[in-house]
Number of protein chains: 4
Amino acid sequence: MSSTFGSVLRLTIFGQSHAPAVGMVLDGFPAGFAPDFDELNAFLSRRAPGQSPYATARVEADEPEFLSGFSGGRTCGAPIAAILRNTDVRGKDYVNLEDVPRPSHADWTAYAKYGESADRSGGGHFSGRLTAPLCIAGGLCLQWLSAQGVRIGAHIQRVGAVCDASFDPTDPTFPAIAPLTVLDGAAGAKMAAEIEKAKADGDSVGGSIECAVTGLPAGLGEPMFDGMENRLAQILFGIPAVKGVEFGSGFACANLRGSEHNDAFYYDENGAVRTHTNHAGGVLGGITTGMPLVFRVAIKPTPSIAKEQESIRFSGGSAALTVQGRHDPCIVPRAVPCVEAAAAVAVLDALLEGKKWS
Amino acid sequence: MSSTFGSVLRLTIFGQSHAPAVGMVLDGFPAGFAPDFDELNAFLSRRAPGQSPYATARVEADEPEFLSGFSGGRTCGAPIAAILRNTDVRGKDYVNLEDVPRPSHADWTAYAKYGESADRSGGGHFSGRLTAPLCIAGGLCLQWLSAQGVRIGAHIQRVGAVCDASFDPTDPTFPAIAPLTVLDGAAGAKMAAEIEKAKADGDSVGGSIECAVTGLPAGLGEPMFDGMENRLAQILFGIPAVKGVEFGSGFACANLRGSEHNDAFYYDENGAVRTHTNHAGGVLGGITTGMPLVFRVAIKPTPSIAKEQESIRFSGGSAALTVQGRHDPCIVPRAVPCVEAAAAVAVLDALLEGKKWS
Amino acid sequence: MSSTFGSVLRLTIFGQSHAPAVGMVLDGFPAGFAPDFDELNAFLSRRAPGQSPYATARVEADEPEFLSGFSGGRTCGAPIAAILRNTDVRGKDYVNLEDVPRPSHADWTAYAKYGESADRSGGGHFSGRLTAPLCIAGGLCLQWLSAQGVRIGAHIQRVGAVCDASFDPTDPTFPAIAPLTVLDGAAGAKMAAEIEKAKADGDSVGGSIECAVTGLPAGLGEPMFDGMENRLAQILFGIPAVKGVEFGSGFACANLRGSEHNDAFYYDENGAVRTHTNHAGGVLGGITTGMPLVFRVAIKPTPSIAKEQESIRFSGGSAALTVQGRHDPCIVPRAVPCVEAAAAVAVLDALLEGKKWS
Amino acid sequence: MSSTFGSVLRLTIFGQSHAPAVGMVLDGFPAGFAPDFDELNAFLSRRAPGQSPYATARVEADEPEFLSGFSGGRTCGAPIAAILRNTDVRGKDYVNLEDVPRPSHADWTAYAKYGESADRSGGGHFSGRLTAPLCIAGGLCLQWLSAQGVRIGAHIQRVGAVCDASFDPTDPTFPAIAPLTVLDGAAGAKMAAEIEKAKADGDSVGGSIECAVTGLPAGLGEPMFDGMENRLAQILFGIPAVKGVEFGSGFACANLRGSEHNDAFYYDENGAVRTHTNHAGGVLGGITTGMPLVFRVAIKPTPSIAKEQESIRFSGGSAALTVQGRHDPCIVPRAVPCVEAAAAVAVLDALLEGKKWS
């Protein structure tokens with residue numbers, strides 16, 4: 001389905017970095033909801049460039065224009081469409097890239113797929129800019145979910161060698177939003193230094209993000225290919241730079257015994273089924289357990305670096321490339337709201353599909 | 001889409017552990033292909049129980065009966081349907097589980113979703129038995145792909161604390177198939193010991209699997225939500241016990257600089273675009289680079305263990321549970337062909353969708 | 001999606017006329033439902049061959065074997081799979097057809113699509129036999145809907161020049177089930193004569209079917225491409241021999257003025273919104289009005305006739321063809337339950353998707 | 001899928017009559033195509049209001065703004081997004097409709113589905129205005145198809161009691177485009193009079209449209225639920241006012257014998273398989289025969305009429321309604337390009353999915 005995600009709630013994303021606009025269509029969103037647009041814009045600003053010393057200098061208003069889906073400030077059941085104009089386009093930064101694909105960017109694969117017709121300017125359809133419409137959709141979903149008692153929050157788990165504390169998977173506490181959203185402020189300061197160092201070296205650095213969803217009922221998700229893990233992974237790998245997705249214990253489960261890994265059931269004081277631990281990450285058989293849904297994503301280092309790199313020319317021969325332009329030395333901080341947004345879209349879709357017949 | 005996966009090639013899986021049968025429908029498979037059924041059965045036997053000292057003692061012929069999709073031994077374009085009868089059903093092993101959900105199994109989530117009507121016998125629709133029809137579909141796809149020069153192979157990367165060698169991501173060598181399919185025989189011996197130890201303790205142990213796909217053209221996959229990573233992750237999380245999926249450098253990318261992580265392009269002697277390294281795992285922007293596609297999946301320890309565990313009764317109160325019956329102390333060896341099968345289905349779907357108009 | 005239909009409820013059909021079996025997988029059916037299997041078999045027998053003097057002499061038990069989806073006689077949430085063995089296969093009737101496509105059958109198009117590999121025996125995947133699994137799925141849906149007060153019934157509207165009475169579109173009365181299910185018994189007798197005459201001539205005759213759905217709430221269906229008309233048409237054209245689908249006034253609306261065609265609203269004694277007439281056929285903007293849903297389908301004359309016809313040989317040159325074997329002189333009577341079944345699947349899918357969040 | 005149609009080519013439509021814009025996203029369109037935008041605008045003007053004396057007086061530029069999908073004037077493989085601003089919105093015409101649903105409009109069903117939140121102004125998401133983005137998408141597809149030798153053309157088959165000539169289904173001749181696109185100019189003049197008469201009466205009149213597709217290869221379409229008839233019907237019923245869809249002989253087949261209806265095969269001088277007649281409408285078993293694809297759609301009379309009608313008030317009680325504002329006395333002429341556009345989207349999707357592996 002390429003640029004469309006979802007079953008009952010369907011998100012379609014369009015746009016290129018240097019096209020007139022990027023945008024999204026969100027179909028199936030419940031009618032009668034009045035979003036707080038200031039809150040939405042605040043959410044979008046967490047992803048927007050130019051918000052922190054660690055982000056690209058590209059400045060855009062990034063206030064979405066809503067084209068449809070509302071009547072009198074409330075969602076009306078019709079598809080919600082919104083666009084963001086690409087106002088600060090500096091195509092000339094990319095002129096020298098037309099013939100030389102940037103290592104670890106999609107320049108080459110776009111060329112392999114679409115040939116000469118591919119729009120490689122600024123990464124085209126593969127640009128991180130496409131996460132802006134994802135955040136519009138996700139921001140709306142987050143607000144709707146929040147009104148139902150479902151909260152989604154993420155934090156930077158790691159930048160380079162520096163690790164943040166981890167969520168308590170049985171009862172996560174969501175951190176304050178900040179340029180670097182972390183649980184442990186000291187770790188955040190070290191991460192900032194790590195990013196500064198990479199920047200000073202004309203280099204970039206990777207990281208990872210941990211995300212939790214609380215307030216979900218047990219019994220959500222469909223078995224086999226449409227469980228919560230399948231849905232979340234499918235949308236999360238739509239965020240550029242994501243190289244891995246793991247739930248609960250994730251890859252660490254490889255070195256655990258069943259007796260360590262199994263989450264023992266008990267009834268809490270309200271008679272709700274809970275588990276003492278949450279290695280499952282809130283999902284068994286693809287279906288929510290009622291415990292917090294916890295997952296992590298790996299984010300690769302920004303491929304655009306100032307250091308000289310080896311590449312080729314499409315026209316033939318090799319080339320030495322130094323990427324000009326505005327690029328984040330670490331994309332992880334801006335990816336935090338993108339992960340929350342992606343999770344919100346997938347969770348709301350599952351919630352709407354999982355409605356009980358009564 | 002729950003039990004159906006795919007876009008142009010669509011796989012539907014059905015069955016429960018103790019229902020009359022499990023099976024699959026594979027729609028969109030190319031017409032005119034004559035599978036080698038002996039080779040298919042050999043492939044299925046790699047997943048089948050009772051094949052190694054580390055697997056459950058449940059013995060089933062597991063030779064699929066094909067109900068449709070063939071004419072004169074060749075695929076005819078109609079959907080391929082195949083079933084496996086559940087002949088060795090020992091429901092009584094599960095009687096004491098009706099009221100007591102097994103920790104880290106889907107017993108509880110099936111109950112939360114479907115209520116009293118859920119079939120919890122032997123894990124019902126969530127049983128590992130459902131990977132048998134996945135392997136039928138995948139086995140057919142593997143043969144078709146192989147005839148086109150596309151090879152898919154996996155090995156056990158880790159069991160408990162024991163790690164195998166890793167694929168050379170720029171030029172993987174596929175290991176010999178054995179009870180424990182590994183690159184480094186010495187590591188395999190240690191893994192076997194690790195599994196024996198867990199078994200002797202009435203416990204189980206987790207692991208991970210690495211898989212590579214070679215021979216793919218560059219330019220395969222659709223951007224955004226339907227890239228190779230999205231598709232592979234969606235189907236791989238359909239294999240019970242998978243807790244994480246990562247491509248190329250995966251979570252290790254968090255601690256890398258862009259200058260280390262970027263894969264420099266060059267032309268090989270035949271004029272093909274290649275990269276010196278392959279941290280990308282063969283995918284950029286969701287689209288194949290032409291380098292080997294490399295990914296890893298985390299497999300949790302089998303939740304069914306002989307040790308006593310704490311659980312609840314659906315009828316109320318707590319329960320001490322000791323799981324009887326036949327269970328693998330380590331599911332990783334049998335998951336290797338499942339990972340190959342899942343990859344084959346996703347790759348063939350992408351190949352068929354990505355056909356060029358000419 | 002080819003052989004899979006539906007959004008939240010998904011029906012997959014497989015099989016060929018002379019393969020070991022035909023069957024279906026129905027995924028997303030509500031858990032906890034205990035079908036009346038005798039009632040289901042009675043429903044299937046309405047479609048089965050050999051039930052009336054107007055039907056083919058091919059006799060099959062046509063009692064489905066259920067392979068999965070049940071636990072203790074109730075649906076358990078897992079996909080329901082059922083098969084019908086093809087026991088009375090007389091492939092030799094079709095031997096002379098291997099090289100000569102039957103006019104107005106899919107023999108030629110199957111060859112054009114799949115080449116030599118196509119299974120043309122008995123129509124292969126295009127055989128009317130494939131409506132048997134459709135009726136299994138539809139029969140289950142009909143029972144579930146009936147328990148919710150939704151009734152679906154069809155009658156033969158026309159055979160050749162003979163027309164039955166029409167449903168009162170504001171309050172249809174469902175006819176008794178009989179070999180020829182009609183509203184007007186006298187018309188039924190004339191239809192029987194029409195069919196006998198065609199048979200005596202070694203010929204066949206077409207007809208049409210009218211179907212009504214009562215008890216649906218207003219507000220069902222999704223706008224644009226997923227309205228009730230879109231969904232019903234998509235599945236109804238999956239029944240072989242259907243050449244047209246119309247709702248409410250249908251093609252007769254061409255010769256009506258707006259002032260004649262518009263359905264005036266009023267409140268009934270219970271405060272429910274109703275219309276005095278129902279030219280809309282119970283659907284406006286793709287969404288149910290709360291009035292009965294009424295539609296008609298055109299059924300072409302059975303293409304297999306005993307008269308000599310002109311055709312070609314795939315191997316080259318022309319051929320004179322006389323179709324041997326068992327064929328209905330009029331398929332319309334057996335298509336009545338197929339139309340009901342198709343409608344039931346589409347309606348239940350829309351109902352499940354349209355569940356209200358509360 | 002509601003507002004999204006298609007398999008490999010996916011069209012998403014959004015907007016409301018009085019929202020800021022209507023628009024569409026077309027994903028999966030082949031890369032490297034340079035549309036003729038003047039030709040596209042000429043095509044759109046055939047649907048646009050104010051183009052003929054028989055159309056509403058609402059005047060809009062209706063030149064789409066393309067937001068993405070192009071690079072250097074050529075499609076680049078990324079989703080094509082285009083919008084049309086709603087500049088001539090006269091919401092006040094609709095003020096008196098807020099409480100009174102117009103008979104045979106979707107005002108009531110939108111209310112039944114979405115409640116008070118529904119946007120009923122100008123028909124909201126159910127407005128005929130939504131066919132404008134359909135025509136943008138269809139116009140692009142028509143040009144691409146035309147470059148491949150596939151032509152799609154429609155004509156008014158009927159208005160009220162006046163019938164045009166019919167296509168020769170074995171070799172249709174496409175008529176000249178005119179306010180009333182007809183095969184027989186004399187019939188066109190009578191249709192114009194019929195429309196004038198309805199207008200003078202403060203009334204409206206229905207009609208039907210016949211469409212043909214030539215140049216298609218045999219073997220296109222998927223069996224069962226995704227054949228050419230299923231796909232075309234699904235998208236055609238997305239055009240407001242369509243009440244019926246029939247292929248080839250359509251409902252007239254009810255009164256034909258098999259010996260009359262069957263299309264005899266022969267080889268033409270080039271060795272291509274053809275049929276002497278084309279009652280099949282170019283489709284057998286859902287798959288193209290290689291003969292022209294021919295179908296008809298029924299268009300109901302415009303429900304907005306100046307005559308007083310009976311309705312209800314949502315707030316309670318009955319109401320006498322006279323619809324003000326700009327409305328076509330006959331929508332059929334403007335629906336002709338919409339039918340062509342819908343057909344083009346469905347045909348191109350099938351063509352792209354049906355590409356042969358080689």
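# A walk through a predicted multi-chain model

Arg296(A) and Glu210(A) form a salt bridge, with the closest N and O atoms 3.1 Å apart. This pair ties together distant parts of the chain. Arg296(A) sits in strand β16 of chain A, residues 293-299. Glu210(A) sits in strand β10 of chain A, 86 residues apart from its partner. Both Arg296(A) and Glu210(A) are buried. Keep in mind that this is a predicted model. Every value here is computed from it.

Stay in chain A for another salt bridge. The side chains of Arg46(A) and Glu340(A) meet at 2.9 Å, N to O. Here, too, the pair links distant parts of the chain. Arg46(A) belongs to helix α1, residues 37-47 of chain A. Glu340(A) belongs to helix α7, residues 332-353 of chain A. The two residues are 294 residues apart. Is Glu340(A) buried or exposed? Glu340(A) is buried, with a relative accessible area of 4%.

Now move to chain D. The side chains of Asp27(D) and Arg10(D) meet in a salt bridge of 3.3 Å, N to O. Asp27(D) is in strand β3 of chain D, and Arg10(D) is in strand β2, residues 10-15. They stand 17 residues apart, and the pair is another link between distant parts of the chain. Asp27(D) counts as buried because its relative accessible area is 4%, under the 20% limit. Arg10(D) is buried as well, with a relative accessible area of 2%.

Some salt bridges share partners. Asp201(A), Asp203(A), Lys307(A) and Arg257(B) are joined in this way into one network. Over all chains, the count of salt bridges is 64.

Look next at Leu26(D). Leu26(D) is found in strand β3 of chain D, which spans residues 21-27. Asp27(D), from the salt bridge above, is in strand β3 of chain D too. Leu26(D) is buried, with a relative accessible area of 0%. What does Leu26(D) touch, leaving out residues up to four places away in sequence? The contacts are Leu9(D), Arg10(D), Leu11(D), Pro79(D), Ile80(D), Ala137(D), Leu140(D) and Cys141(D). Take Pro79(D) from that list. Leu26(D) and Pro79(D) are 53 residues apart along the chain, yet their C-alpha atoms are separated by 5.5 Å.

Now for the place where chain A and chain B meet. How many residues does each chain bring to the contact? Chain B gives 100 residues, and chain A gives 100 residues. Between them, the two chains bury about 8,000 Å². Of that area, 60% is on carbon and sulfur atoms. In chain B, Phe225(B), Lys243(B) and Phe265(B) lose the most area to chain A. Together they account for 11% of what that side buries.

Charged and polar partners also meet across this contact. There are 8 salt bridges between chain B and chain A. One example pairs the side chains of Glu222(A) and Lys113(B), at 3.2 Å from N to O. The two chains also share 49 residue pairs in polar contact, counting pairs with both residues at pLDDT 80 or more. Which element of chain B gives the largest share of the side that touches chain A? Strand β11, residues 242-247, does, with 6 residues. That side of chain B divides into 47 nonpolar, 34 polar and 19 charged residues.

Backbone angles come next. Most residues other than glycine have a negative phi. Met224(A) is not a glycine, but its phi is positive, about 70°. Met224(A) lies in the loop between β10 (207-214) and α5 (228-236) of chain A. Met224(A) counts as buried, at 11% relative accessibility. Ala241(B) also has a positive phi, near 90°. Its place is the loop between α5 (228-236) and β11 of chain B.

Finish with the cysteines. How many disulfides are there over all chains? The count is 0. Cys163(D) is in no disulfide, and the nearest cysteine sulfur, in Cys253(C), is 13 Å away. Cys163(D) is partly exposed, with a relative accessible area of 45%. Why does Cys211(D) not bond to Cys338(D)? A disulfide needs two cysteine sulfur atoms within 2.5 Å. The closest cysteine sulfur to that of Cys211(D), in Cys338(D), is 12 Å away, so it is too far for a bond. Cys211(D) is buried, with a relative accessible area of 0%.

How values were computed. Residues numbered from 1 in each chain as written. Chains lettered and ligands numbered in written order. Heavy atoms only, no water. Buried < 20%, exposed > 50% of the residue type's maximum accessible area, 1.4 Å probe, protein only. Contact = heavy atoms within 4.5 Å. Buried area = accessible area lost by both parts, 1.4 Å probe. Salt bridge = Lys/Arg side-chain N within 4 Å of Asp/Glu carboxyl O. Polar contact = N/O pair within 3.5 Å; in protein donor to acceptor, adjacent residues only side chain to side chain. Helix = DSSP H or I, 4+ residues; strand = E, 2+ residues; numbered from the N terminus. Nonpolar A, V, L, I, M, F, W, Y, C, P; charged D, E, K, R; others polar.
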